[in-house]
Amino acid sequence: MRIKQRMELIDKIGRELQARYSYSDIDVFLRAFGISPPEEPIGYNSKWLYSKEALKNADDSILIAIAEELEVNIPAVASFAVSPPEIWQQGDLFRLFISHIAIHKDKAKRLKGALAPFHIAGFVAHEDIVPTREWQKEIQRALFTMDAMLTVHTQGFSESVWTQQEIGFALGRGVKIISLRMDEDPRGFISKDQAILRRGRDANGVAQEIVSILTSDPATKARMAEIKAKHQQIEDEEIPF
């Protein structure tokens, strides 16, 4: 994390702790993350300054964990320190966030299954979030750690606040967005790019075109090639001599 972003994040965390807790509660909270109170607590007339002093030497990963716990916005440049959702913690796979509306989660699920043989792990929020996890926090983890996004434009997609926020997040991070037109045209900033058309194909047929785009687009082809090479090596090593 760059120094500027680190200082900004510490400032945000400090202000959140100031608003929520007493001095003693701040000590308890920070100790849970392995952080000791300032060595000379006397003289701090501001819980914000007190918290910043305690946080100044904390590792970036600890700051990220605290920010997530307090639901403080994390700078995009710190995304490397965010843990991916559980579905993406298994193996080296291409991480594709599949943005969809709940009523059509079945279509997103079928696409996920069709992409799996190509070592592409689709994240379908309505299927992949562990029940005990906080819904929004787990979606944010996926948005921070995705390699690309697929938007499934069924009827009502453009009216969903959630899908539009997901697209905005992807645009802000600068990741590749592939639009699949089903019942409505893409709108807003992503409308300038040519959308995939279903053309009567099933999920397997659409998946083939998605894979073709990911393996040829400058933003994703290196990652796709890296994953393919790793899995090819694993397969070669498993062949008995």
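This passage describes helix 9 and selected salt bridges in a predicted model. Residues are numbered from 1 along each chain as its sequence is written, and side-chain values use heavy atoms, without hydrogens or water. Local features require pLDDT of at least 70 and side-chain atom pairs pLDDT 80 or more, whereas totals for chains, interfaces and linings use all residues.

Helix 9 comprises the 14 residues 203–216; helices are DSSP runs of H or I with at least four residues, numbered from the N terminus. Its end C-alpha atoms are 20 Å apart, in agreement with the span of 20 Å expected at 1.5 Å a residue, that is, 1.5 Å times one less than the number of residues. Val206, Ala207, Ile210, Val211 and Leu214 are buried in this helix (under 20% relative accessible area; exposed is over 50% and partly exposed in between, with a 1.4 Å probe and protein chains only). Viewed down the axis, the buried residues of helix 9 fall within an arc of 140°, so they line one face; the arc is that of the directions from the helix axis to the C-beta atoms.

By the criterion of a Lys or Arg side-chain nitrogen within 4 Å of an Asp or Glu carboxyl oxygen, the count is 16 salt bridges. One of these joins Arg141 to Glu138 at 3.6 Å, N to O. The two residues are three apart in helix 7 (residues 135–145), and are therefore separated by about one helical turn. Arg141 is buried at 13% relative accessible area, as is Glu138 at 2%. A network of salt bridges links Asp92, Asp147, Arg223, Glu226 and Lys230; within it, the closest N and O atoms of Arg223 and Glu226 are 3.4 Å apart.
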